[in-house]
Structure formats: structure tokens, C-alpha cells
Amino acid sequence: MSAERPADLPYGDAEEAAAEAARGGAGDVPMVDETVSADASAERPDFAARPGQLDLPREAVEDAPGSAGHPETNPLRTDRWLVALDIDGTVLHEDGSISDGVIGQIARLTGLGHEVMLATGRSVAATLPVLDLLGITPTYVVCSNGAITLQRDPDAPLGYRREIVETFNPGAVLTQIRSHLENGHYAVEDADGYFRYTGEFPNAPANIGGEAVTFDELLDVEATRVVVISPGHDMDDFLTIVETMGLHRVSYSVGWTAWLDIAPDGVNKSTALERVRQLLGIRSSQVLVAGDGRNDIEMLTWAAVDGRAVAMGQAPDDVKAVASEVTSSLDDDGLAEALATLV
């Protein structure tokens, strides 16, 4: 039997968002949570998640300053691996299930003392239930494509606190994009996980965990991420438009659909994971990451330098191109196949 995510656990990556829209969306509750924003010039760790995700009440995930302690994990194993996994399309099937093979391999690796964690585009609240499904409690979790890094804290209500949150002012980039996509739909997620949006998104507006506003009201929100969708464009057209925008001073990734995620400059999964690797004292040659989407490109590129960068078999060609190896597809249990090679 495969593990399944709760029925109300919403999507995390762009391709999953499209699937969620086709299924009619999921009911969500907004997360209202104070955060600590890192200075834009400081060392960067991460990125952001997607509208309509399940979110948690204010007290669910505590915040902590960046000076908080970082407990060593598995101190007796000096050769442990850092295994960082994308969720949607890598760990999780479209129907929310996880194969027995993946669950078994993750249990085996954690039992051997390796550090198995998640690095995802999902919000905090949409990520924590996946940890429960996998039966793991890693020291760190990277959410929102790197904009949020959680640290394990047994005293926090759900066992994790927000260690670092990166924000930026989206006004300039939103104005620039709108000049190219006048009919696009826009959303801004703030540091509390609250969404303000224009147009329509894959979940019913009443369930998006935010409010519909005018475009001008988006311009001054301190954002962890901006989401832009353009339903009138196919993927090739959308990629061409994005390339002509000349986006600067932000990080961005394009999904499998006409969906654009924008984050603080220099923030992505790889920057968060490099920080985590250093904090845990794990050698760069002892890193394995696995992913399937374009928001995994930086993470795969980073890991491929000294470690192992595994692209899923169904990944787009540009994702496979930066990986050091390609495993079988999600449907053929490619992640379990790759994890089985670690000892």
C-alpha cells in the first residue's frame, strides 16, 4: 500500500497546480505567522510557494532569529549524506500518493544515519504533512523554493520554526511584467503566507487564503514570492515572452505551464541547501539531490559540481541537461531506484 497525502493537501509545483485546477482545487486556510526577514545583501538561502496551499494558524510554526543554535545530527556518522528531495513529481505522485519503494528507501537511509530532507516550492503548511507521510524529522526543511528555511525545534507547536525568511519589494518587477502580459493574473505572497491576487488562480478565490485586490495594491507588499500566470499562452510562447522581459534583481523559474515564480534576487533551492550543508558539516561530495522541474535547475546544477544531481525520467530536457544522472520516471519508481544506490 502506498502512503497518500491528506485529501486537502494542495499542490506545490506549477505542473501540479494545473492538475489541481482540473480537479477543482482544494479548500485552504491562510497561515498568519510573524516572520524574520533577512537583509537582501546577506548570504541567501531560499525562494517561495503557491497560492491556494493549505496553511496553518499563527502559532503553528514559530519564528526564530538567524542566530539560533544548529544542533548537530547523527554526530557519530562522519560520512553521512545530505539527501534533498523535491516533492511534487519526485516524491509525490499527482494523486498525492508515495510509493512503498520510496518510503522504504527513505526509512533505510535515515536508519543508516543519513540526513534526508525536503527542498520544495511548497509553502510551509503544505510541506509539513509530507514529512509526516515519509516518517522523517530532518534538522532543516527548505520551502517556497528557498525563501523559507525551517529548523527542527521540539518546543515549537509542530516541531519546526522559521529560521530564515527572505522578502523583496515586488513593485518594479510587477510593473515590468505587466507591460508584457497585460492580461496576466498576478499574486503576491507575503511573509505571513497571505495572498493578494488579481484575476483567477487554480483554486476558487474563496479558498485561496487571501483576498482579491487591484493590481496597484500588490506593488508595495513585502513579498516572499510573486506568481504570474498567463492562461492565453502555450508553454513555448510563454517562455519566449519571459525571455524578452529582461528580468533583473530577482530570481525566477518557469513551470511546465504558463506559470512564472519570482523570488528575491539570488534566492533559490540551491542557496538554501548550501547554507544547510555548511551548518550540518556535510561534505559537498556527500550530497544527493533529486528533482523534476525547472525550479530544480539551480539545485541540480549546484549538486552536480561535487555530488550527485538526479533528474527524474519525466523531467524536461533542460532539467535533465544540468543533472549528473537521470533516473527512471516517477511512475517507474525512479526516486527509489536512485536512493537504493546509497549505502
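How many salt bridges does the structure hold? The count is eleven. Keep in mind as you click around that this is a predicted model. Here is a route through some of those salt bridges, with a helix to finish.

**Stop 1: Asp88 and Arg122**

Select aspartate 88 and arginine 122 and show their side chains. They form a salt bridge, with 2.8 Å between the closest N and O atoms. Now colour the chain by secondary structure and you'll see that the pair ties together distant parts of it. Aspartate 88 sits in the loop between β4 (82-85) and β5 (97-98), while arginine 122 belongs to the loop between β6 (115-118) and α3 (124-134). That puts the partners 34 residues apart. Turn on a surface, and buried is the word for both aspartate 88 and arginine 122.

**Stop 2: Glu189 and Arg225**

Next, pick glutamate 189 and arginine 225. Their side chains meet in a salt bridge too, at 2.9 Å from N to O. This time the link runs between strands: glutamate 189 is in β10 (residues 185-190) and arginine 225 is in β13 (residues 223-229). The two lie 36 residues apart and again connect distant parts of the chain.

Are these two buried or exposed? Glutamate 189 has a relative accessible area of 3%, so it counts as buried. Arginine 225 comes out at 0%, so it is buried as well.

**Stop 3: Glu274 and Arg277**

Move to helix α6 (residues 269-280) and select glutamate 274 and arginine 277. Here the salt bridge measures 2.8 Å, N to O. About one helical turn separates the partners, because they are three residues apart in α6. Arginine 277 has 15% relative accessibility, so it counts as buried; the cut-off is under 20%.

While you're looking at salt bridges, select Asp86, Lys269 and Asp296 together: salt bridges with shared partners join them into one network.

**Stop 4: Helix α5**

Last, select helix α5 (residues 235-245) and colour Met235, Phe238, Ile241, Val242 and Met245, which are its buried residues. Where do they fall when you look down the axis of α5? They stay within an arc of 125°, so they line one face of the helix.

Now give Asp236, Glu243 and Thr244 another colour. These exposed residues are on the face of α5 turned away from its buried side.

Before you close the viewer, step along to glycine 246, which follows α5. Check its backbone: phi is positive there, near 65°.

Methods. Residues are numbered from 1 along each chain as its sequence is written. This is a predicted model: local features need pLDDT of at least 70, side-chain atom pairs count only at pLDDT 80 or more; totals for chains, interfaces and linings use all residues. Side-chain values use heavy atoms; hydrogens and water are left out. A salt bridge is a side-chain nitrogen of Lys or Arg within 4 Å of a carboxyl oxygen of Asp or Glu. Helices (H or I, at least four residues) and strands (E, at least two) are DSSP runs, numbered from the N terminus. Buried means under 20% relative accessible area, exposed over 50%, partly exposed in between (1.4 Å probe, protein chains only). The arc is that of the directions from the helix axis to the C-beta atoms.
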